[in-house]
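Welcome! Here are some short exercises to work through at your own pace, each followed by a worked solution. Have a look at the structure before you start.

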Amino acid sequence: MPAPTIPFAPRFVPAPPTNEDLEWADLPIVDFSNASTAEGRAALTPQVCNAMRTSGFMYIVNHGLSQAQNDRIFDIADIPFSQVSEEEMKRYTADIKGTGSYRGFKPRRLWEIDNGVRDQIETYNTHRSVTEMQSHPKALQPFLPELRAFTEYNHHQIMFPILQILARGLELPEDTFLKMHGFDDDSETYGKYFLNITLGSLDDAPLSLYPCLLPSRAEPYGRQYSASDYRNRPGDQQT
C-alpha cells in the first residue's frame, strides 16, 4: 500500500541573525529526554519550578519532535501570511475586542502599547480542535490534519509533563492540573502562529515566525524547537 502523500508547502526562510549588539534574555534550557517517566519529572521539578519563578519562560529541548517535523510546521505556519489574500484575511479576522475570541487572524496595530505606539505582531490562531470551532482560509485547509496532530502532540507530550512537574513543585498529586486541561474540555486553547515585523523600512522588514501552543489558562506554554535554533536569533523559537 503506497504511503500517503503530504501536500506541498513552500519552504519558509527565516530572517538572518541580527548583527546588532543586543541584550538577549537568557532563558533556562530544560531537557525533556526523561519527562515521560515519574523519575524524570521528579528530577526536573527543581529546575522547572525555578524557571517559572525567576524567568516565567523556559526553552525545552529533546521534546521528541525531529528537526524535519520542526521545519515542516514552520513551512505550514507561514501559509496564512504568505498564501492568503488580504481580502480573505479580512474574512477570517478574529473579533478579539468584540467577543474575546482569537480564532483567526489578529492584525498588526490592534493594540496600543504606549503613547500612540502600536504593536507589530500579526498572528493566525487555531482553536485547539483546529476544525470543530472555526473554518480556515482555503490555502490552509490541506494542512489541517497536520496542525491537529501538532496540537495534540504539544498538548499531551509537552504541556502535560509541564503541568505534572508544576504539581510536584506545589506538592500536589501529579494529575491535579491534568484534570483541568483535558484535550476535549471546553476552553479557548489555541495554536498561535506569530509573524513579527522588525521596524525600520516595513517594505524591506525581516520577518520572524513563531509557532506555539497557548493553553487556556495561565500556565507556561511551549514553542518546541532545538537549542541550536534558539541561538540563531532573531528568527528563534522560545518556550
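**Exercise 1.** Read along the sequence, which pattern of helices and strands does the protein chain follow?

*Solution.* Keep in mind that this is a predicted model. Step one is to take stock of the elements: the protein chain has 6 helices and 8 strands. Step two is to put them in order, and reading along the sequence gives β-α-β-α-α-α-β-β-β-β-α-β-β-α.

**Exercise 2.** Find what share of the protein chain is buried, and what its exposed surface is made of.

*Solution.* Start with the inside: of the 239 residues in the protein chain, 47% are buried. Now turn to the outside, where the protein chain exposes about 13000 Å². Carbon and sulfur atoms supply 52% of that exposed area. Finally, look at how the chain comes together: among contacts between residues at least 6 apart in sequence, 61% join residues at least 24 apart.

**Exercise 3.** Work out how helix H1 and helix H5 are placed relative to each other.

*Solution.* First locate the two helices: H1 covers residues 38-54 and H5 covers residues 144-169. Their axes come within 8 Å and cross at roughly 80°. Because angles of 65 to 115 degrees count as roughly perpendicular, H1 is roughly perpendicular to H5.

Next, look at who meets whom. The H1 residues in this contact are Ala38, Arg41, Ala42, Leu44, Thr45, Val48, Cys49 and Met52. On the H5 side they meet Pro161, Gln164, Ile165, Leu166, Arg168 and Gly169. Sorted by class, the contact of H1 with H5 holds 9 nonpolar, 3 polar and 2 charged residues.

**Exercise 4.** Which residues have the most contacts inside the largest nonpolar core, and which element gives the most to this core?

*Solution.* The largest nonpolar core has 22 residues, and those with the most contacts inside it are Phe105, Leu140, Leu147 and Tyr193. Helix H2 (67-82), H5 and strand E7 (190-197) each supply at least two residues of this core. H2 gives the most, with 6 residues. There is also a second, separate core of 19 residues, which includes Val30, Met58, Leu163 and Leu178.

**Exercise 5.** Asparagine 62 and glutamate 171 both have a positive phi. Find where each residue sits and how open it is to the surroundings.

*Solution.* Take asparagine 62 first. Its phi is near 55°, a positive value in a residue other than glycine. Asparagine 62 is found in the loop between strand E2 (59-61) and H2. With a relative accessible area of 47%, asparagine 62 is partly exposed, because that label covers values between the 20% and 50% cut-offs.

Now take glutamate 171, whose phi is about 60° although it is not a glycine. Glutamate 171 has its place in the loop between H5 and E7. Its relative accessible area is 75%, so glutamate 171 is exposed.

**Exercise 6.** Are tyrosine 59 and alanine 77 buried or exposed?

*Solution.* Tyrosine 59 lies in strand E2. Its relative accessible area is 0%, so tyrosine 59 is buried. In sequence, tyrosine 59 and proline 28 are 31 residues apart, yet in space they are 6.0 Å apart, C-alpha to C-alpha.

Alanine 77 is found in helix H2. A relative accessible area of 2% makes alanine 77 buried as well. Alanine 77 and phenylalanine 143 are 66 residues apart in sequence and 9.7 Å apart in space, C-alpha to C-alpha.

Conventions. Residues numbered from 1 in each chain as written. Predicted model: local features only at pLDDT ≥ 70, side-chain atom pairs only at ≥ 80, totals over all residues. Heavy atoms only, no water. Axes fitted to C-alpha atoms, helices over the stretch in contact; angles between N-to-C directions. Helix = DSSP H or I, 4+ residues; strand = E, 2+ residues; numbered from the N terminus. Parallel < 35°, antiparallel > 145°, perpendicular 65-115°, else oblique. Contact = heavy atoms within 4.5 Å. Nonpolar A, V, L, I, M, F, W, Y, C, P; charged D, E, K, R; others polar. Buried < 20%, exposed > 50% of the residue type's maximum accessible area, 1.4 Å probe, protein only. Areas by Shrake-Rupley, 256 points an atom, 1.4 Å probe, with all protein chains shown as cover. Core = buried A, V, L, I, M, F, W, Y, C linked by side-chain atoms within 4.5 Å.
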